[in-house]
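This report describes selected packing, charge and backbone features of one protein chain. The sequence and the model come first, and the text follows.

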Amino acid sequence: HSDENPLVVIQLDIVNAYPSADRQAQFDVLAGRASKSYDNGHVHMGDAIPCPDSLRHYWSYFESMQGTASTLHFSDYQGQAHKIACSKGGQQGDAFETVRFAVTTFPSFGRVFARHGACTGAAICDDVFIVAPLAEGLALAAELKQVLKQDLDLDLDVPKFNCFFPGDRINDDDHARALFQNALQANPQLACLSGMDAGISTTGLRVAGVPIGNDEWVQQFVQEKAAAV
């Protein structure tokens, strides 16, 4: 990477992730076979989709819980009962929901990351991190935004994205934002990410609960967490 295209860590955010994933895509993954086209035509109807064999033992569970539209019942803080129709995703907090969401999204994350060789990263359920030169990382994020919407009906919340510039080569947030804007202007396909500049930082970022950044930022983060406990 260069001064104009520095290394960054990008954190993505999915809107209301667990209850929003398309259930047909979920069952296609569990079946290991595509019932429709995915990934902008890279996956055709009938193509194999990766899924751990052990999960197919739980097909009847997923089918009974999410194979049809359901009605959720809950009581609000005043004790008033409510009903909500549910035909997408599942409920966060359900014992098996984390597994279901991870399995449903894994093939999409894997295919997009595989096309961006300059990028590395990790998708931990609905927490997605990209480590890459700025331009390449933004290109991956933009494609992932499109693919997740088309294939899984998941929306990325761009204003909640974070972009951390590690190291001491760029230690000013204004400089980092200028580099971000330059990257957007150089590639029109990144226009969908224009709202993420509020999350740009040169001091630190929490990655899967772990603080990374300069010493002062990390120490302050730990102190605040310790005080909260």
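Helices α1 and α2 run roughly antiparallel to each other, because an angle over 145 degrees counts as roughly antiparallel and theirs is about 170°. The structure is a predicted model. The axes of α1 and α2 lie 11 Å apart. On the α1 side the contact is made by R23, Q26, F27, L30 and A31, and on the α2 side by W59, F62, E63 and Q66. Of the residues in this contact of α1 with α2, five are nonpolar, two are polar and two are charged.

**Salt bridges**

Side chains of opposite charge can pair when their charged atoms come close. The model holds 10 salt bridges, and the table lists three pairs, including their N to O distances.

| Pair | Closest N to O distance |
|---|---|
| R169 and D3 | 2.5 Å |
| D39 and R111 | 3.6 Å |
| R115 and E143 | 2.5 Å |

R169 and D3 meet through their side chains in a salt bridge. R169 sits in the loop between β6 (162–164) and α5 (173–186), while D3 belongs to the segment before β1 (7–13), so this bridge ties together parts that are 166 residues apart in sequence. D3 is partly exposed, at a relative accessible area of 47%.

A second salt bridge is formed by D39 and R111. This pair also links distant parts of the chain, 72 residues apart: D39 is in the loop between α1 (23–31) and α2 (59–66), and R111 is in helix α3 (residues 97–114). D39 has a relative accessible area of 1% and is therefore buried.

The third pair in the table is R115 with E143. R115 lies in the loop between α3 and β4 (120–124) and E143 in helix α4 (residues 134–152), distant parts of the chain that are 28 residues apart. R115 is partly exposed, with a relative accessible area of 33%, whereas E143 is buried, with 18%. Through salt bridges that share partners, D39, R111, R115 and E143 are joined into one network.

**Backbone and loop positions**

Most residues other than glycine have a negative phi. D39, in the loop between α1 and α2, has a positive phi near 55° and is not a glycine. N16 likewise has a positive phi, near 45°, in a residue other than glycine. N16 is placed in the loop between β1 and α1. The relative accessibility is 51% for N16, which counts as exposed, and 1% for D39, which counts as buried.

G79 is in the loop between β2 (70–75) and β3 (81–86). This residue counts as exposed, with 53% relative accessibility. From G79 to G93 the separation is 14 residues in sequence and 21 Å in space, C-alpha to C-alpha.

**The surroundings of T202**

Is T202, in the loop between β7 (200–201) and β8 (204–207), buried or exposed? At 9% relative accessibility T202 is buried, because the cut-off for that class is under 20%. The side chain of T202 makes a polar contact of 2.6 Å with the side chain of D173. Apart from neighbours within four places in sequence, the residues in contact with T202 are F164, F165, I170, N171, D172, D173, A176 and N214.

Note on methods. Residues are numbered from 1 along each chain as its sequence is written. This is a predicted model: local features need pLDDT of at least 70, side-chain atom pairs count only at pLDDT 80 or more; totals for chains, interfaces and linings use all residues. Side-chain values use heavy atoms; hydrogens and water are left out. Buried means under 20% relative accessible area, exposed over 50%, partly exposed in between (1.4 Å probe, protein chains only). A polar contact is a pair of N or O atoms within 3.5 Å; within protein, one must be able to donate a hydrogen and the other to accept it, and residues adjacent in sequence count only if both atoms are side-chain atoms. Contact means heavy atoms within 4.5 Å. A salt bridge is a side-chain nitrogen of Lys or Arg within 4 Å of a carboxyl oxygen of Asp or Glu. Helices (H or I, at least four residues) and strands (E, at least two) are DSSP runs, numbered from the N terminus. Axes are lines fitted to C-alpha atoms, for helices over the stretch in contact, and angles run from 0 to 180 degrees between N-to-C directions. Angles under 35 degrees count as roughly parallel, over 145 as roughly antiparallel, 65 to 115 as roughly perpendicular and the rest as oblique. Ala, Val, Leu, Ile, Met, Phe, Trp, Tyr, Cys and Pro count as nonpolar, Asp, Glu, Lys and Arg as charged, and the others, Gly among them, as polar.
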